[in-house]
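Thanks for asking me to look this one over. My notes are below as numbered points, so you can follow them with the model open beside you.

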Amino acid sequence: MASSIHDLARHLNISIGTVSRALNGRADVNADTRQRVLEAARMLNYSPNQSGRSLRQGATHSIAFMLQPHPGDQQYGEPFFIPFLIGLQAKLAESGLDLIVVMGAPGDYQQERLRRVVETRRADAVVLAWTRREDERIDYLTQAGFPFATLGRSRSGAKSYPSLDLDFEKAGADAVDRLVARGHRRIAAIRPSLNLNFAYLFLDGYRKALRRHGIEVDPELIASGFINEAGGYEVTPQVMRSKDPPTAIIFNNDAMALGGCKALGEMGIRPGHDIAVTVIVDTPLCRYFSPALTAFRPALEPMGQRLAEMLLASIPAFAGPDGPRIMREVWPLELVARDSDSIVGEPDRLRNLPRG
């Protein structure tokens, strides 16, 4: 009976990625290891996976991550994505795959860049982020039959692809619960204005939690802005100038929170002293702000590793003896309590503060 690449890896007690690179003559495998792999392949009657070989004809041995930076000030390392990409690359490397980042221009939706990646076979599969509620990239990849996975959920694609998302709905609800427990009743929500699905999920959780506590949802306390510092800076004064201003704000994005806190400071309102501030999602920016911002932390590096596993499990060449399968997961966010929301809600607190 012919052996698989998994059998070779187990027999030699080395990773599947090393076996794959040795069999393909990659230069990053030393001569002794390559010789051991080739001898074991002959001895065990190794037979390549024909469906995988067909898929990977002319393969690049690369996975493309479609990174779409947003216009504005936050051009200093994409603090959310760097740890995620570290985990993604580490797991892909175990299967002999490299990670390439396809960078779009700030604000570019990347549809044309994605099309070029697929049509020229620059990668064997792609990973999408910043998923929209309805996402034409997902529709295109599904129709093209090109392997892909998403960081985030969408209504597009009929759940026919691997996806890994954070539980933004629960985080939004948990943030409200925490603030209500501290006496806050006027709680604002600031989210991205684009059709990003996580912003809808966050707002769903926020609204459901308010209603559960018997608090009416006030449209004046909900604002949408561009997903950067300037967006938060621009829209935060809108909620503060409402007839009955909030005593707490939940920001759906760290960069928006930094811009929003600057706007509050210019209005004479001190985050953590005059108003409670909570952020979804945590990045190093939140830790080093003053006051440090209470936020919900994702396990980004493990998420990257897991999404790589899910993507590979969906591709016949890497799926293993049980065949390809589609997995979809939602991961929790961990609350990290800091100084910015320790203030107790007092309805009259902001009435005498400047709002202009």
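1. Let me start with the contacts in the protein chain, in what is a predicted model. Counting contacts with a separation of 6 or more, 69% are between residues 24 or more positions apart. The chain has 356 residues, and 55% of them count as buried. Its secondary structure comes to 13 helices and 12 strands. The accessible surface is about 15500 Å², with 50% of that belonging to carbon and sulfur atoms.

2. Strand 3 is a good place to zoom in. Ala125 and Val127 point one way from this strand, while Val126 and Leu128 point the other way, and all are buried. That fits a general pattern: in a regular strand, side chains alternate between the two faces of the sheet.

3. What does strand 3 pair with? Strand 1 pairs with strand 3 in the parallel sense, over 4 bridges, and here Ala64 stands opposite Val126. Strand 4 also pairs with strand 3 in the parallel sense, over 3 bridges, and in strand 4 the bridge partner of Val126 is Phe148. Between strand 3 and strand 4 the chain passes through helix 7, making a right-handed β-α-β crossover.

4. Now for helix 7 itself, which spans residues 136-144. Its buried residues are Arg137, Ile138, Tyr140 and Leu141. Seen down the helix axis they fall within an arc of 160 degrees, so they line one face of helix 7. In general, an α-helix has 3.6 residues a turn, so residues three or four places apart point the same way. The buried residues of helix 7 pack against helix 6, strand 3 and strand 4. Just after the helix, Gly145 takes a positive phi of about 70 degrees.

5. Helix 6 (residues 111-119) makes a nice companion to that. Which of its residues are buried? They are Gln111, Leu114, Val117 and Val118. These residues cover an arc of only 120 degrees around the axis, which puts them on the same side of helix 6. They pack against strand 1 (62-67), strand 2 (98-103), strand 3 (125-128) and helix 7. Just after helix 6, Arg121 has a positive phi of about 50 degrees, so you may like to look at this residue alongside Gly145, whose phi is also positive.

6. You may be wondering about disulfides, and the count comes to 0. Why do Cys261 and Cys286 not form a bond? The cysteine sulfur closest to that of Cys261 is in Cys286, but it is 9.1 Å away, too far for a bond, because a disulfide needs the two sulfur atoms within 2.5 Å. Seen from Cys286, the closest cysteine sulfur is the one in Cys261. Both cysteines are buried, Cys261 at 4% relative accessibility and Cys286 at 0%.

7. A last stop is Leu38, in helix 3 (residues 31-43). Is this residue buried, exposed or partly exposed? Its relative accessibility is 29%, so Leu38 counts as partly exposed, since the buried class ends at under 20% and the exposed class begins at over 50%. Leu38 and Val19 are 19 residues apart in sequence, and their C-alpha atoms are 9.0 Å apart in space.

Methods. Residues are numbered from 1 along each chain as its sequence is written. This is a predicted model: local features need pLDDT of at least 70, side-chain atom pairs count only at pLDDT 80 or more; totals for chains, interfaces and linings use all residues. Side-chain values use heavy atoms; hydrogens and water are left out. Helices (H or I, at least four residues) and strands (E, at least two) are DSSP runs, numbered from the N terminus. Buried means under 20% relative accessible area, exposed over 50%, partly exposed in between (1.4 Å probe, protein chains only). The arc is that of the directions from the helix axis to the C-beta atoms. Contact means heavy atoms within 4.5 Å. Accessible areas come from the Shrake-Rupley method with a 1.4 Å probe; for residues, only the protein chains shown count as cover. Two strands pair if DSSP finds at least two bridges between them. A crossover is right-handed if, with the strands pointing away from the viewer, the path from the first strand over the helix to the second runs clockwise.
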